[in-house]
Amino acid sequence: MTAHSNIYPTKALQELDAAHHWHPFSDMKSLNAEGSRIITSANGVWLQDSDGKQILDGMAGLWCVQVGHGRSEITEAVTKQMNELAYYNTFFKTTHPPAIALSEKLAKLAPDHINTVFYCSSGSEANDTVFRMVRTYWDKMGKADKKVIIGRWNGYHGSTLAGTSLGGMKAMHAQGDLPVSGVHHIDQPYWFGEGQDMNPDEFGIHIARKLEQAIDEIGEDKVAAFIAEPIQGAGGVIIPPDTYWPEIKRILDERDILFVSDEVICGFGRLGEWFGSTFYGMKPDLMPIAKGLTSGYLPMGGVMVSDRVAEGLMNAGDDFNHGYTYSGHPVCAAAALANLEIIEREGLVDRVKNDIGPYLKERWLKLVEHELVGEARMTGLVGALELVPDKNNLTKKFSDVGVPGNLCRDISFEHGMVMRAVRDSMIISPPLVLSHEEADHLVATAEKTLNDTYRILKRDGWLS
Ligand code: PXG
């Protein structure tokens, strides 16, 4: 069969998939018994599965399809580039027009002090690049002892060795004896889950100061960098209290360590600015990027590098011994350029800030009135609902964390919408082209899903 044919019935496709395909982050035994969902085509914010069912893509693929599915402009740019130059590398004193044009474009879009980009093919590779870049930078600055990178528990930075290590997912660390040495984790600014004994503003300051304590305990002379997502995505759309980032900024301003803003999810308009760090008034030294860079049409990532770090490394008179076969891949760069052109021409970043963002937020936040929801939150076009067993005691969690969330996710899918579950938080991150009508549909489907989830949980004795 050809990869894209849909002439086989769903069951046959599922059996073939089960026979040979190992899915990421999956319990393959139970998945294979159940059978995968098969997505066969997509357009705008709508997916279609192998049974012809239309599903609203509330997650923009995997937090990445900013411009929506099926944009022929990107396909055409890719085809044209394939015909002209399908591949050449950027090693050994060579380059090509798509990499040149994309670098110029990214430098224009980034804050003024960031003008250079190093390419790779994913967010994980971007963070592996970050890992080596910050240590090499300090080495070149004559401060080779500055090696420790501080990340956060429940942060996500990818699943390669450095990505997993910098991230704070304990279930990932447990597989492969990670983190690698020289990584330190501090607490996350997750008020609903971990801070309800304080008010959110106090908690924001309290958690930010964990960074100060960690730097002071380890020693500023040994700390290379702090890495964080502006809003944690995979960790459950953790939107920090308003006090958090200003306090982190104060701490960073007083200390000479690099700040890495992982923009893999928050970049390219997701928070209503080109970069999430801009939304929070932060000034990063490095910004890993991926996902929305190409809207997922082709795999591409990179690290946006501040003048300070670029000059420090580039003027060292030495090679930075790092790079990938596909660094700056011409076809991926052409896809990225076409994607960025759409984002600019359609004013999608501004649309998130002033139109669809506030429109969806107003409606999404009302879901907090539902009996199953303890908190509803949204910034830009990322949002979460915290499912709770007892609305009168919001610190109480379900006895078997994750089971109600997964139930809710499955019901959402049955109702024709992708909503992701992280623990018992329900997550959305829709394409930036979502219309008002589609936003209404999204919220109505979420409500219907909550009603059905509530009914089943009540029937089965999960609720207090
Ligand atoms: N940084 C951040 C902030 C991410 O969200 C990566 C790095 C790694 O990117 P790549 O391209 O290597 O996957 C990510 C990726 C989920 C989920 O379940 C999230 C991601 C990837 C896979 C699943 O929410 N984020």
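**View 1. Leu-385 and its contacts in strand E12 of this predicted model.** Leu-385 belongs to strand E12. Setting aside neighbours within four places in sequence, Leu-385 is in contact with Trp-364, Leu-367, Val-373, Glu-375, Ala-376, Asp-424, Ser-425, Met-426 and Leu-450. Leu-385 counts as buried, with a relative accessibility of 0%. Ile-428 lies 43 residues away from Leu-385 along the chain. The C-alpha atoms of these two residues, Leu-385 and Ile-428, are separated by 8.9 Å.

**View 2. The open sheet of four strands, E11-E12-E14-E13.** The pairing in this sheet is antiparallel. Strand E11 (373-379) and strand E13 (420-422) stand at the edges. Each has a single partner strand, so one side of each is left without a neighbour in the sheet. From one strand to the next, the twist averages 20°. Helix H16 (residues 356-365) lies across E11, strand E12 (382-387) and E14. H16 runs at about 175° to E11.

**View 3. The hairpin of E11 and E12.** Six bridges pair E11 with E12 in the antiparallel sense. Thr-379 stands opposite Val-382 of E12. Two residues sit between the strands of this hairpin. Gly-380 takes a positive phi near 55° there. E11 is mostly covered: seven of its seven residues are buried.

**View 4. The pairing of E13 with E14.** Strand E14 covers residues 425-428. E13 and E14 pair over three bridges, in the antiparallel sense. Ala-421 has Met-426, in E14, as its bridge partner. Met-426 is also among the contacts of Leu-385.

**View 5. Thr-445 in helix H18.** Helix H18 takes in residues 436-459. Is Thr-445 buried or exposed? Thr-445 is buried, with a relative accessible area of 3%. Not counting residues up to four places away in sequence, Thr-445 touches His-415 and Met-417.

**View 6. Helix H5 and its buried side.** H5 has 13 residues, 97-109. At 1.5 Å a residue, H5 should span 18 Å. The end C-alpha atoms of H5 are 18 Å apart, which agrees. Pro-98, Ala-99, Leu-102, Leu-106, Ala-107 and Leu-109 are buried in H5. They cover an arc of only 160° around the axis, which puts them on the same side of H5. An α-helix has 3.6 residues a turn, so residues three or four places apart point the same way. The face turned away from the buried side of H5 carries the exposed residues Pro-97, Ile-100 and Lys-108. Helix H4 (72-84), E4, E9, E10 and helix H14 (330-345) are among the elements that cover the buried residues of H5.

**View 7. Helix H13 and its packing partners.** H13 takes in residues 307-314. Val-309, Ala-310, Gly-312 and Leu-313 are buried in H13. They cover an arc of only 165° around the axis, which puts them on the same side of H13. The buried residues of H13 pack against strand E4 (114-120) and helix H6 (123-140). Their other partners are strand E8 (258-261), strand E9 (286-289) and strand E10 (301-306). E4, E9 and E10 also help cover the buried residues of H5.

**View 8. Cys-120 and Cys-266, two cysteines without a disulfide.** How many disulfides does a search of the whole structure find? The search finds zero. The closest cysteine sulfur to that of Cys-120 is in Cys-332. The distance is 11 Å, too far for a bond. For Cys-266, the closest cysteine sulfur is in Cys-64, 14 Å away and again too far for a bond. Cys-120 counts as buried, at 1% relative accessibility. Cys-266 is buried too, with a relative accessible area of 2%.

**View 9. The open sheet of three strands, E1-E2-E3.** The pairing in this sheet is antiparallel. Strand E1 (39-43) and strand E3 (54-56) are the edge strands, and each pairs on one side only. Neighbouring strands of this sheet are turned by 30° against each other on average, direction ignored. Three bridges join strand E2 (residues 46-49) to E3. Leu-47 stands opposite Ile-55, in E3.

Terms used
Residues are numbered from 1 along each chain as its sequence is written. This is a predicted model: local features need pLDDT of at least 70, side-chain atom pairs count only at pLDDT 80 or more; totals for chains, interfaces and linings use all residues. Side-chain values use heavy atoms; hydrogens and water are left out. Buried means under 20% relative accessible area, exposed over 50%, partly exposed in between (1.4 Å probe, protein chains only). The arc is that of the directions from the helix axis to the C-beta atoms. Contact means heavy atoms within 4.5 Å. A disulfide is a pair of cysteine sulfur atoms within 2.5 Å. Two strands pair if DSSP finds at least two bridges between them. Axes are lines fitted to C-alpha atoms, for helices over the stretch in contact, and angles run from 0 to 180 degrees between N-to-C directions. The expected span of a helix is 1.5 Å times one less than its number of residues.
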